[in-house]
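Colleague: Please take a close look at one part of this model, the nonpolar patch on its surface. Which residues make the patch?

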Amino acid sequence: MGMPGITELIIILAIVFLLFGAKRLPDLAKGLGQSITNFKAGLNENQPEENETATQQETESSKEKTG
């Protein structure tokens, strides 16, 4: 299954336009953009914590081996 062609994209956009109307499409796009931004921010917040936890565990395990 490949990427959708131009015809398929036009049909999908037409259906979305008919379902939601021209007035709500900008609001939907804005909400989608904010959701993506919040999702990426949430991913970035978790990554440092996981790295710090792994580093702390490695430090503790190396202390136990030497001491």
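Modeller: The protein exposes about 6,400 Å² in this predicted model. Carbon and sulfur atoms supply 61% of that area. Of the 67 residues, 0% count as buried. The secondary structure consists of two helices and zero strands.

Now the patch. Ile11, Ile15, Leu19, Phe20 and Leu28 make a nonpolar surface patch of about 480 Å². Helix H1, residues 6-20, gives the most to this patch, with four residues. In an α-helix there are 3.6 residues a turn, so residues three or four places apart point the same way.

Take Ile15 from the patch. Ile15 sits in helix H1. Its relative accessibility is 47%, so Ile15 counts as partly exposed. The cut-offs place partly exposed between buried, under 20%, and exposed, over 50%.

Helix H1 itself has the expected length. Its 15 residues, at 1.5 Å a residue, should span 21 Å. The end C-alpha atoms of H1 are 21 Å apart, which agrees. Just after H1 comes Gly21, with a positive phi of about 85°.

Terms used. Residues numbered from 1 in each chain as written. Predicted model: local features only at pLDDT ≥ 70, side-chain atom pairs only at ≥ 80, totals over all residues. Heavy atoms only, no water. Buried < 20%, exposed > 50% of the residue type's maximum accessible area, 1.4 Å probe, protein only. Areas by Shrake-Rupley, 256 points an atom, 1.4 Å probe, with all protein chains shown as cover. Patch = residues over 30% accessible without salt bridge, like charges linked within 9 Å, V, L, I, M, F, W, Y side chains within 5 Å. Salt bridge = Lys/Arg side-chain N within 4 Å of Asp/Glu carboxyl O. Expected span 1.5 Å × (residues − 1).
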